[in-house]
Amino acid sequence: MRILHTSDWHLGRSLYNKKRYEEFEAFLEWLILTIQEHKIDTLLVAGDVFDNGSPSNRAQNLYYHFLVKVASTSCQHIVVIAGNHDSPSFLNAPKELLRELNVYVIGSITESIEDEVLLLTSNNQPQAIICAVPYLRDRDVRVAEPGETIDDKNANLIEGISQHYGEVSRLAEQKREDLGNPKLPIIGMGHLFTAGGKTLDGDGVRELYIGALTHVHADKFPASFDYIALGHLHVPQIVDKKEHIRYSGSPLPIGFGEASQEKKVIIIEFSEGLRKIEEITVPVFQKLLRISGSIEDIIERIEELKLESAWLEIEYKGKDIIPNLRQVIDEALVATSLESLQIKNRQVMEKVAMAISADETLDDLDEIEVFNRCLDAFETSEEDRVGLISAYREILRDLQEEDLNAE
Ligand SMILES: [Mn+2]
(Lines give C-alpha, C1' and ligand atoms only; values in the text may rest on other atoms or scores of the structure.)
Protein backbone atom coordinates (compact mmCIF):
# COMPACT_ATOMS: atom_id res chain seq x y z
CA MET A 1 0.00 0.00 0.00
CA ARG A 2 1.56 3.26 -1.14
CA ILE A 3 0.01 6.54 -0.13
CA LEU A 4 0.81 10.02 -1.37
CA HIS A 5 0.07 12.91 0.98
CA THR A 6 -0.29 16.46 -0.30
CA SER A 7 -2.28 19.55 0.74
CA ASP A 8 -2.78 23.27 0.36
CA TRP A 9 -2.92 23.52 -3.41
CA HIS A 10 -4.85 26.77 -3.17
CA LEU A 11 -6.01 26.41 -6.78
CA GLY A 12 -6.96 29.79 -8.19
CA ARG A 13 -4.77 31.86 -5.91
CA SER A 14 -2.88 34.70 -7.51
CA LEU A 15 0.28 36.42 -6.47
CA TYR A 16 -0.02 40.22 -6.46
CA ASN A 17 -2.76 39.97 -9.11
CA LYS A 18 -0.68 37.63 -11.24
CA LYS A 19 -2.61 34.50 -12.16
CA ARG A 20 -0.81 31.23 -11.62
CA TYR A 21 -2.82 28.69 -13.61
CA GLU A 22 0.22 27.51 -15.61
CA GLU A 23 1.97 26.59 -12.38
CA PHE A 24 -1.06 24.79 -10.96
CA GLU A 25 -1.42 22.88 -14.18
CA ALA A 26 2.26 21.98 -14.27
CA PHE A 27 2.09 20.77 -10.68
CA LEU A 28 -0.96 18.58 -11.28
CA GLU A 29 0.67 17.07 -14.38
CA TRP A 30 3.80 16.38 -12.40
CA LEU A 31 1.68 14.83 -9.63
CA ILE A 32 0.07 12.40 -12.05
CA LEU A 33 3.50 11.33 -13.31
CA THR A 34 4.69 10.95 -9.72
CA ILE A 35 1.64 8.82 -8.86
CA GLN A 36 2.40 6.57 -11.82
CA GLU A 37 6.13 6.39 -11.24
CA HIS A 38 5.77 5.53 -7.55
CA LYS A 39 2.81 3.21 -8.10
CA ILE A 40 0.65 5.08 -5.61
CA ASP A 41 -2.60 3.38 -4.55
CA THR A 42 -4.08 6.16 -2.47
CA LEU A 43 -3.89 9.92 -2.71
CA LEU A 44 -4.67 12.03 0.36
CA VAL A 45 -5.37 15.74 -0.09
CA ALA A 46 -5.41 17.38 3.33
CA GLY A 47 -7.45 20.50 2.63
CA ASP A 48 -7.29 23.89 0.95
CA VAL A 49 -7.76 22.42 -2.49
CA PHE A 50 -9.09 25.78 -3.62
CA ASP A 51 -8.04 29.19 -2.48
CA ASN A 52 -11.57 30.37 -1.85
CA GLY A 53 -15.15 29.24 -1.50
CA SER A 54 -16.23 30.09 -5.03
CA PRO A 55 -13.36 29.04 -7.26
CA SER A 56 -13.09 30.24 -10.85
CA ASN A 57 -14.10 27.97 -13.72
CA ARG A 58 -10.47 27.52 -14.58
CA ALA A 59 -9.58 26.39 -11.06
CA GLN A 60 -12.51 23.96 -11.05
CA ASN A 61 -11.45 22.64 -14.43
CA LEU A 62 -7.98 21.87 -13.14
CA TYR A 63 -9.40 19.96 -10.17
CA TYR A 64 -11.93 17.86 -12.07
CA HIS A 65 -9.57 17.09 -14.95
CA PHE A 66 -6.98 16.00 -12.45
CA LEU A 67 -9.42 13.66 -10.66
CA VAL A 68 -10.50 12.09 -13.95
CA LYS A 69 -6.87 11.59 -15.01
CA VAL A 70 -5.89 10.03 -11.69
CA ALA A 71 -8.76 7.58 -12.03
CA SER A 72 -6.96 6.12 -15.05
CA THR A 73 -3.71 5.46 -13.13
CA SER A 74 -2.72 2.87 -10.55
CA CYS A 75 -4.24 5.08 -7.88
CA GLN A 76 -7.40 3.42 -6.65
CA HIS A 77 -8.55 5.87 -4.02
CA ILE A 78 -8.47 9.60 -3.51
CA VAL A 79 -9.51 11.15 -0.22
CA VAL A 80 -10.07 14.91 -0.15
CA ILE A 81 -10.89 16.82 3.03
CA ALA A 82 -11.88 20.47 3.15
CA GLY A 83 -9.53 23.07 4.58
CA ASN A 84 -10.44 26.44 6.04
CA HIS A 85 -10.24 28.04 2.58
CA ASP A 86 -12.61 25.55 0.99
CA SER A 87 -16.36 25.91 0.95
CA PRO A 88 -17.67 22.67 2.49
CA SER A 89 -20.84 22.71 0.39
CA PHE A 90 -18.97 23.49 -2.82
CA LEU A 91 -16.57 20.62 -2.24
CA ASN A 92 -19.40 18.29 -1.21
CA ALA A 93 -21.70 19.10 -4.12
CA PRO A 94 -20.28 16.54 -6.61
CA LYS A 95 -19.52 14.05 -3.84
CA GLU A 96 -21.82 11.27 -5.08
CA LEU A 97 -20.63 11.60 -8.63
CA LEU A 98 -17.00 11.57 -7.57
CA ARG A 99 -17.56 8.39 -5.57
CA GLU A 100 -17.91 6.68 -8.95
CA LEU A 101 -14.30 7.68 -9.63
CA ASN A 102 -13.22 6.34 -6.23
CA VAL A 103 -12.89 9.83 -4.85
CA TYR A 104 -14.08 10.37 -1.28
CA VAL A 105 -14.83 13.97 -0.43
CA ILE A 106 -15.30 15.04 3.18
CA GLY A 107 -16.28 18.69 3.05
CA SER A 108 -17.67 18.98 6.55
CA ILE A 109 -18.70 16.99 9.54
CA THR A 110 -22.08 15.29 9.23
CA GLU A 111 -24.61 14.06 11.75
CA SER A 112 -22.77 10.78 11.81
CA ILE A 113 -19.08 10.77 12.65
CA GLU A 114 -18.85 7.34 10.97
CA ASP A 115 -18.94 9.17 7.64
CA GLU A 116 -15.35 10.27 8.34
CA VAL A 117 -14.09 6.72 8.85
CA LEU A 118 -13.36 5.11 5.49
CA LEU A 119 -12.33 1.55 4.85
CA LEU A 120 -10.30 1.37 1.65
CA THR A 121 -10.24 -1.97 -0.09
CA SER A 122 -8.59 -3.44 -3.13
CA ASN A 123 -10.02 -6.58 -4.72
CA ASN A 124 -12.23 -6.83 -1.65
CA GLN A 125 -9.17 -6.91 0.60
CA PRO A 126 -8.97 -4.20 3.28
CA GLN A 127 -6.01 -1.88 2.65
CA ALA A 128 -6.29 0.83 5.26
CA ILE A 129 -8.72 2.77 7.39
CA ILE A 130 -8.70 6.52 6.84
CA CYS A 131 -10.04 8.91 9.47
CA ALA A 132 -10.77 11.79 7.12
CA VAL A 133 -11.46 14.65 9.53
CA PRO A 134 -12.17 17.91 7.65
CA TYR A 135 -11.25 21.34 8.98
CA LEU A 136 -13.25 21.60 12.19
CA ARG A 137 -15.03 24.88 12.52
CA ASP A 138 -15.49 26.36 15.94
CA ARG A 139 -19.21 25.63 15.85
CA ASP A 140 -18.55 21.99 14.83
CA VAL A 141 -16.80 21.13 18.04
CA ARG A 142 -17.46 23.73 20.68
CA VAL A 143 -20.54 24.52 22.66
CA ALA A 144 -20.47 28.21 23.50
CA GLU A 145 -21.13 29.02 27.11
CA PRO A 146 -22.26 32.43 28.30
CA GLY A 147 -19.65 34.38 30.18
CA GLU A 148 -16.72 32.27 29.09
CA THR A 149 -13.34 33.96 28.73
CA ILE A 150 -11.10 33.77 25.68
CA ASP A 151 -8.99 31.19 27.48
CA ASP A 152 -12.08 29.08 28.24
CA LYS A 153 -13.08 29.28 24.60
CA ASN A 154 -9.67 28.10 23.44
CA ALA A 155 -9.52 25.32 25.99
CA ASN A 156 -13.01 24.09 25.02
CA LEU A 157 -12.14 24.22 21.37
CA ILE A 158 -8.97 22.18 21.80
CA GLU A 159 -10.91 19.76 23.94
CA GLY A 160 -13.58 19.49 21.23
CA ILE A 161 -11.01 18.82 18.51
CA SER A 162 -9.25 16.26 20.63
CA GLN A 163 -12.53 14.48 21.43
CA HIS A 164 -13.42 14.39 17.76
CA TYR A 165 -10.12 12.68 16.93
CA GLY A 166 -10.64 10.33 19.86
CA GLU A 167 -14.03 9.30 18.50
CA VAL A 168 -12.90 8.65 14.93
CA SER A 169 -9.92 6.65 16.15
CA ARG A 170 -12.14 4.50 18.40
CA LEU A 171 -14.42 3.77 15.44
CA ALA A 172 -11.39 2.90 13.31
CA GLU A 173 -9.93 0.61 15.97
CA GLN A 174 -13.30 -1.12 16.31
CA LYS A 175 -13.47 -1.59 12.56
CA ARG A 176 -9.97 -3.05 12.52
CA GLU A 177 -10.87 -5.43 15.30
CA ASP A 178 -14.06 -6.51 13.55
CA LEU A 179 -11.99 -7.30 10.47
CA GLY A 180 -9.59 -9.32 12.58
CA ASN A 181 -6.64 -7.60 10.95
CA PRO A 182 -4.43 -5.98 13.62
CA LYS A 183 -1.84 -4.87 11.04
CA LEU A 184 -4.32 -2.84 9.02
CA PRO A 185 -2.96 0.73 9.01
CA ILE A 186 -5.11 3.51 10.48
CA ILE A 187 -4.41 6.88 8.94
CA GLY A 188 -5.63 10.20 10.27
CA MET A 189 -6.16 13.37 8.27
CA GLY A 190 -6.66 16.91 9.45
CA HIS A 191 -6.51 20.57 8.58
CA LEU A 192 -5.37 22.47 11.62
CA PHE A 193 -2.54 24.35 13.29
CA THR A 194 -0.43 22.24 15.61
CA ALA A 195 1.55 23.73 18.46
CA GLY A 196 5.08 24.74 17.52
CA GLY A 197 4.26 24.67 13.80
CA LYS A 198 6.48 26.71 11.49
CA THR A 199 5.01 29.42 9.29
CA LEU A 200 6.64 32.09 7.22
CA ASP A 201 5.91 35.75 6.94
CA GLY A 202 3.53 36.44 4.08
CA ASP A 203 2.57 32.84 3.36
CA GLY A 204 -1.09 33.60 3.89
CA VAL A 205 -1.59 30.99 6.60
CA ARG A 206 -4.41 32.21 8.79
CA GLU A 207 -4.68 31.80 12.47
CA LEU A 208 -7.61 29.42 12.49
CA TYR A 209 -9.30 30.19 15.72
CA ILE A 210 -9.60 33.19 17.95
CA GLY A 211 -6.05 33.38 19.11
CA ALA A 212 -2.67 31.91 18.48
CA LEU A 213 -3.25 29.85 21.61
CA THR A 214 -5.52 27.42 19.84
CA HIS A 215 -2.76 25.29 18.47
CA VAL A 216 -3.34 21.61 18.90
CA HIS A 217 -0.59 19.64 20.63
CA ALA A 218 0.64 16.50 18.91
CA ASP A 219 -0.20 14.46 22.00
CA LYS A 220 -3.89 15.25 21.42
CA PHE A 221 -3.84 12.83 18.50
CA PRO A 222 -4.73 9.23 19.32
CA ALA A 223 -1.82 6.81 19.55
CA SER A 224 -3.49 4.31 17.23
CA PHE A 225 -2.83 6.41 14.11
CA ASP A 226 -0.04 4.93 12.01
CA TYR A 227 0.29 8.16 10.08
CA ILE A 228 -1.38 11.58 10.23
CA ALA A 229 -1.60 13.57 7.01
CA LEU A 230 -2.00 17.22 7.91
CA GLY A 231 -2.69 20.35 5.96
CA HIS A 232 -2.79 24.09 6.64
CA LEU A 233 0.87 24.97 7.26
CA HIS A 234 2.74 25.63 4.03
CA VAL A 235 6.19 24.63 5.26
CA PRO A 236 6.65 20.85 5.03
CA GLN A 237 7.33 19.63 8.55
CA ILE A 238 7.32 16.86 11.08
CA VAL A 239 5.15 17.64 14.11
CA ASP A 240 6.78 17.56 17.52
CA LYS A 241 9.55 15.19 16.35
CA LYS A 242 6.95 12.51 15.66
CA GLU A 243 7.98 11.09 12.30
CA HIS A 244 4.49 9.90 11.44
CA ILE A 245 2.68 13.21 12.03
CA ARG A 246 3.43 15.50 9.12
CA TYR A 247 2.51 18.49 7.07
CA SER A 248 3.29 17.97 3.40
CA GLY A 249 3.17 21.76 2.97
CA SER A 250 1.90 23.53 -0.13
CA PRO A 251 3.31 22.33 -3.47
CA LEU A 252 3.77 25.89 -4.74
CA PRO A 253 5.22 28.79 -2.81
CA ILE A 254 2.09 30.73 -1.93
CA GLY A 255 4.03 33.92 -1.33
CA PHE A 256 7.56 35.27 -1.85
CA GLY A 257 8.29 34.37 1.76
CA GLU A 258 8.26 30.71 0.74
CA ALA A 259 10.28 31.27 -2.40
CA SER A 260 13.54 29.75 -1.26
CA GLN A 261 11.88 26.75 0.33
CA GLU A 262 11.85 23.21 -1.02
CA LYS A 263 8.31 22.05 -1.63
CA LYS A 264 7.36 18.45 -0.98
CA VAL A 265 4.83 15.70 -1.28
CA ILE A 266 5.12 12.70 1.03
CA ILE A 267 4.96 9.03 0.17
CA ILE A 268 4.10 6.54 2.89
CA GLU A 269 4.45 2.86 2.26
CA PHE A 270 2.88 0.19 4.46
CA SER A 271 3.86 -3.37 3.96
CA GLU A 272 3.52 -6.24 6.41
CA GLY A 273 2.82 -3.77 9.21
CA LEU A 274 5.99 -1.78 8.46
CA ARG A 275 5.94 1.89 7.59
CA LYS A 276 8.35 3.73 5.32
CA ILE A 277 8.11 7.49 4.80
CA GLU A 278 9.77 9.28 1.93
CA GLU A 279 9.73 12.94 0.91
CA ILE A 280 9.64 13.86 -2.77
CA THR A 281 10.71 17.34 -3.83
CA VAL A 282 8.28 19.22 -6.07
CA PRO A 283 10.04 20.92 -9.00
CA VAL A 284 10.03 24.72 -9.18
CA PHE A 285 7.59 25.65 -11.93
CA GLN A 286 8.03 29.40 -11.61
CA LYS A 287 11.01 30.98 -9.97
CA LEU A 288 10.22 33.66 -7.36
CA LEU A 289 12.92 35.95 -6.02
CA ARG A 290 13.05 38.69 -3.44
CA ILE A 291 15.45 41.57 -4.01
CA SER A 292 16.05 44.32 -1.53
CA GLY A 293 18.46 47.14 -0.78
CA SER A 294 19.44 50.53 -2.13
CA ILE A 295 18.61 51.42 -5.70
CA GLU A 296 22.19 50.53 -6.71
CA ASP A 297 21.86 47.11 -5.03
CA ILE A 298 18.56 46.46 -6.78
CA ILE A 299 19.87 47.42 -10.21
CA GLU A 300 23.03 45.39 -9.73
CA ARG A 301 21.02 42.33 -8.73
CA ILE A 302 18.71 42.73 -11.74
CA GLU A 303 21.83 42.89 -13.93
CA GLU A 304 23.11 39.62 -12.39
CA LEU A 305 19.79 37.90 -12.87
CA LYS A 306 18.94 39.22 -16.28
CA LEU A 307 19.29 35.87 -18.07
CA GLU A 308 16.90 34.15 -15.71
CA SER A 309 13.19 33.97 -16.00
CA ALA A 310 11.78 34.89 -12.62
CA TRP A 311 9.11 36.86 -10.85
CA LEU A 312 10.47 39.46 -8.47
CA GLU A 313 9.36 41.11 -5.29
CA ILE A 314 11.48 44.19 -4.88
CA GLU A 315 11.90 46.13 -1.68
CA TYR A 316 13.61 49.48 -1.77
CA LYS A 317 15.36 50.20 1.51
CA GLY A 318 17.49 53.18 0.52
CA LYS A 319 17.58 56.47 2.43
CA ASP A 320 16.76 58.83 -0.43
CA ILE A 321 13.28 59.45 -1.64
CA ILE A 322 13.08 58.28 -5.24
CA PRO A 323 9.81 59.57 -6.61
CA ASN A 324 10.08 57.62 -9.86
CA LEU A 325 11.25 54.38 -8.24
CA ARG A 326 8.94 52.22 -10.29
CA GLN A 327 10.10 53.84 -13.51
CA VAL A 328 13.78 53.38 -12.64
CA ILE A 329 13.21 49.71 -11.88
CA ASP A 330 11.05 49.13 -14.95
CA GLU A 331 13.85 50.57 -17.11
CA ALA A 332 16.34 48.16 -15.57
CA LEU A 333 13.99 45.27 -16.33
CA VAL A 334 13.62 46.06 -20.03
CA ALA A 335 15.06 43.30 -22.21
CA THR A 336 15.28 40.82 -19.33
CA SER A 337 13.01 37.83 -18.66
CA LEU A 338 12.38 39.14 -15.20
CA GLU A 339 9.05 40.51 -14.15
CA SER A 340 8.45 42.57 -11.04
CA LEU A 341 5.18 41.68 -9.34
CA GLN A 342 5.58 44.05 -6.47
CA ILE A 343 7.77 47.01 -5.59
CA LYS A 344 7.75 47.92 -1.93
CA ASN A 345 9.06 51.26 -0.87
CA ARG A 346 10.13 50.87 2.72
CA GLN A 347 11.37 54.41 2.85
CA VAL A 348 7.95 55.82 2.03
CA MET A 349 6.20 53.35 4.30
CA GLU A 350 8.24 54.38 7.32
CA LYS A 351 8.03 58.11 6.72
CA VAL A 352 4.29 58.15 6.37
CA ALA A 353 3.37 55.20 8.49
CA MET A 354 -0.18 56.29 9.09
CA ALA A 355 -1.05 57.65 5.69
CA ILE A 356 -1.71 55.43 2.74
CA SER A 357 1.09 56.23 0.38
CA ALA A 358 0.98 55.91 -3.36
CA ASP A 359 3.03 52.72 -3.23
CA GLU A 360 1.17 51.07 -0.42
CA THR A 361 -2.08 49.35 -1.12
CA LEU A 362 -4.40 47.27 1.02
CA ASP A 363 -2.70 44.22 -0.53
CA ASP A 364 0.36 45.03 1.57
CA LEU A 365 -1.57 44.78 4.81
CA ASP A 366 -3.48 41.95 6.35
CA GLU A 367 -6.75 42.42 8.21
CA ILE A 368 -5.04 42.59 11.59
CA GLU A 369 -2.60 45.27 10.44
CA VAL A 370 -5.48 47.38 9.16
CA PHE A 371 -7.25 47.02 12.48
CA ASN A 372 -4.08 47.87 14.39
CA ARG A 373 -3.77 51.08 12.42
CA CYS A 374 -7.32 51.88 13.28
CA LEU A 375 -6.53 51.33 16.97
CA ASP A 376 -3.46 53.55 16.59
CA ALA A 377 -5.55 56.26 14.99
CA PHE A 378 -7.97 56.20 17.93
CA GLU A 379 -5.08 56.09 20.41
CA THR A 380 -6.58 53.00 22.04
CA SER A 381 -4.93 52.00 25.30
CA GLU A 382 -2.92 48.77 25.53
CA GLU A 383 -5.40 47.17 27.93
CA ASP A 384 -8.40 47.86 25.66
CA ARG A 385 -6.52 46.47 22.67
CA VAL A 386 -6.37 42.90 23.92
CA GLY A 387 -10.14 42.49 24.12
CA LEU A 388 -10.81 44.45 20.95
CA ILE A 389 -8.31 42.44 18.92
CA SER A 390 -9.71 39.14 20.09
CA ALA A 391 -13.29 40.25 19.36
CA TYR A 392 -12.11 41.40 15.93
CA ARG A 393 -10.44 38.04 15.27
CA GLU A 394 -13.65 36.30 16.18
CA ILE A 395 -15.59 38.38 13.65
CA LEU A 396 -12.95 37.67 11.00
CA ARG A 397 -13.16 33.97 11.68
CA ASP A 398 -16.94 33.98 11.34
CA LEU A 399 -16.65 35.79 8.04
CA GLN A 400 -14.00 33.39 6.77
CA GLU A 401 -16.02 30.38 7.81
CA GLU A 402 -19.25 31.56 6.29
CA ASP A 403 -20.14 29.05 3.63
CA LEU A 404 -21.48 31.19 0.81
CA ASN A 405 -22.61 28.19 -1.22
CA ALA A 406 -24.63 26.64 1.57
CA GLU A 407 -28.37 26.77 1.29
MN1 LIG B 1 -5.55 26.29 5.52
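In what order do the three strands of the open sheet stand, and is their pairing parallel or antiparallel? Select the strands β13, β14 and β15 (runs of DSSP code E of at least two residues, numbered from the N terminus), and you will find an open sheet in the order β13-β14-β15 with parallel pairing, where two strands pair if DSSP finds at least two bridges between them. This is a predicted model, in which local features need pLDDT of at least 70 and side-chain atom pairs count only at pLDDT 80 or more, while totals for chains, interfaces and linings use all residues. Residues are numbered from 1 along each chain as its sequence is written.

Colour residues 287–293 and 339–345 next: these are β13 and β15, which stand at the edges with a single partner strand each, so one side of each is left without a neighbour in the sheet. From one strand to the next the twist averages 15°, angles being taken between N-to-C directions on a scale from 0 to 180 degrees, with axes as lines fitted to C-alpha atoms, for helices over the stretch in contact. Between β13 and β14 (residues 310–316), which run parallel, there are seven bridges, and R290 has E313 in β14 as its bridge partner.

Now add helix α7, residues 295–305, a helix being a DSSP run of H or I of at least four residues. Helix α7 packs on the sheet and touches β13 and β14, its direction making about 150° with that of β13; here contact requires C-beta atoms, placed from the backbone, to lie within 7 Å. Helix α8 also packs on the sheet, touching β14 and β15, with its direction at about 150° to that of β15.

Show α7 together with α8 (residues 325–333), whose axes come within 9 Å of each other and cross at roughly 20°. That angle makes α7 roughly parallel to α8, a term for angles under 35 degrees. In their contact, I295, I298, I299 and I302 of α7 meet V328, I329, A332 and L333 of α8.

Move then to helices α1 (residues 21–37) and α2 (residues 57–71), whose axes come within 11 Å and cross at roughly 10°. These two helices are therefore roughly parallel to each other. Residues in their contact include Y21, F24 and E25 of α1 and R58, L62 and F66 of α2.

Finally, zoom out to the whole chain, for which the domain assignment, automatic or from a database, gives domain 1 (2–282) and domain 2 (287–401). Their centres, taken over C-alpha atoms, are separated by 32 Å, and the contact takes 14 residues from domain 1 and 14 residues from domain 2.

Conventions. Parallel < 35°, antiparallel > 145°, perpendicular 65-115°, else oblique. Contact = placed C-beta atoms within 7 Å.
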